[in-house]
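I open this notebook to record what I looked up in one structure. The entries follow the order in which I consulted it.

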Amino acid sequence: MHQISNWPGMSPEKTHAHEKNAGASSTQEKLAQTGTSASPEAQDIETIKVIESLKARDREVRAHEQAHISASGGLATGGASFTYQQGPDGKRYAIGGEVNIDTSPVPGDPRATLRKAETIRRAALAPANPSGQDYKVASKAAQMATKAQMDLIKLQQATQSETASEEKPSLKIDVTA
């Protein structure tokens with residue numbers, strides 16, 4: 001989950017919301033359902049399944065967020081923050097996370113803004129399984145890149161116009177003769 005900040009004209013938003021439990025809650029529901037009627041051995045097996053599911057989710061979330069950080073090219077404004085769920089063993093397991101990314105354009109420099117937008121897009125899509133929010137951020141980064149490309153073209157056209165007018169020979173006619 002990347003907290004997106006400083007999108008032009010937009011309030012901060014998250015790049016993805018890994019708030020899903022990826023099967024952990026359904027297993028916990030089974031555990032709760034088997035609470036008093038199941039044998040102690042069955043409860044132990046269910047507890048182990050819940051813990052293994054939470055461990056797997058924790059690894060997946062941490063790898064996902066690390067992929068964002070690694071691809072951020074220094075645009076991450078801190079480490080990942082996580083949402084936790086306590087397992088039946090009393091330990092906390094990450095079930096969601098987010099990373100803050102600076103998404104503001106580079107004022108007065110469309111070329112730098114274009115490079116930054118490309119980095120943001122790569123960071124958003126870096127994990128093996130990008131979330132819906134990751135795709136939204138990548139889309140906004142693509143829009144930022146398009147605007148920067150248009151600004152760059154305008155800047156190049158303005159520079160070419162100035163150069164062309166400086167190179168144009170002026171005709172002077174002496175009418176005082």
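**Entry 1. A strand residue**

In which strand does Gln86 lie? I found Gln86 in strand S3, which covers residues 81–86. I note at the outset that this is a predicted model. I then asked whether Gln86 is buried or exposed. Its relative accessible area is 53%, and exposed means over 50%, so Gln86 counts as exposed. I also looked up its distance to Ile51: the two are 35 residues apart in sequence, and their C-alpha atoms are 9.6 Å apart in space.

**Entry 2. The overall plan**

I next turned to the secondary structure, which comes to 4 helices and 5 strands. Reading along the sequence, I recorded the pattern β-β-α-α-β-β-β-α-α. The protein has 177 residues, and buried residues make up 34% of them. Among contacts with a separation of 6 or more, 63% join residues 24 or more positions apart. For the surface, I noted about 10,700 Å² exposed, of which carbon and sulfur atoms supply 53%.

**Entry 3. Helix H2**

I checked the length of helix H2, residues 40–71. At 1.5 Å a residue, its 32 residues should span 46 Å, and the end C-alpha atoms are 47 Å apart, which agrees. I listed the buried residues of H2, among them Glu46, Val50, Ile51, Leu54, Arg57, Asp58, Val61 and His64. Just after H2, I found Gly73 with a positive phi of about 55°.

I then singled out Val61, whose place is in helix H2. Is Val61 buried or exposed? Its relative accessible area is 1%, and buried means under 20%, so Val61 is buried. Leaving out residues up to four places away in sequence, I recorded that Val61 touches Phe82, Ala94, Ile95, Gly96 and Gly97. For one of these, Ala94, I also looked up the separation: it lies 33 residues from Val61 along the chain, with 6.6 Å between the C-alpha atoms.

**Entry 4. Rings and charges**

How many aromatic pairs does the structure hold? I recorded 1 aromatic pair. I then looked for charged ends over rings. The charged end of Arg62 sits over the ring of Phe82, at 4.6 Å from the ring centre. Likewise, the charged end of Arg92 sits over the ring of Tyr84, 4.1 Å from its centre.

**Entry 5. Helix H3 and the cores**

I repeated the length check for helix H3, residues 110–124. Its 15 residues should span 21 Å at 1.5 Å a residue, and the end C-alpha atoms are 21 Å apart, in agreement. The buried residues of H3 include Pro110, Ala112, Leu114, Lys116, Ile120 and Ala124.

Which residues of the largest nonpolar core touch the most other members? Of its 13 residues, I found these to be Ile101 and Ile120. H3 and helix H4 (132–167) each supply at least two residues of this core. The largest share, 6 residues, comes from H4. I followed Ile120 further: apart from neighbours within four places in sequence, Ile120 is in contact with Leu75, Ile101, Asp102, Thr103, Val137, Ala141 and Met144. I also noted a second, separate core of 5 residues, which includes Val50, Ile51, Tyr93 and Ile95.

**Entry 6. A loop glycine**

My last item was Gly108. Where is Gly108 found? Gly108 is in the loop between strand S5 (101–102) and H3. Its relative accessible area is 84%; the threshold for exposed is over 50%, so Gly108 is exposed. I closed with its distance to Asp151: the two residues are 43 apart in sequence and 9.5 Å apart in space, C-alpha to C-alpha.

Methods: Residues numbered from 1 in each chain as written. Predicted model: local features only at pLDDT ≥ 70, side-chain atom pairs only at ≥ 80, totals over all residues. Heavy atoms only, no water. Phe/Tyr/Trp six-rings, centres within 6.5 Å; stacked < 30°, edge-to-face > 60°. Lys NZ or Arg CZ within 6 Å of the ring centre and 35° of its normal. Expected span 1.5 Å × (residues − 1). Buried < 20%, exposed > 50% of the residue type's maximum accessible area, 1.4 Å probe, protein only. Core = buried A, V, L, I, M, F, W, Y, C linked by side-chain atoms within 4.5 Å. Contact = heavy atoms within 4.5 Å. Areas by Shrake-Rupley, 256 points an atom, 1.4 Å probe, with all protein chains shown as cover.
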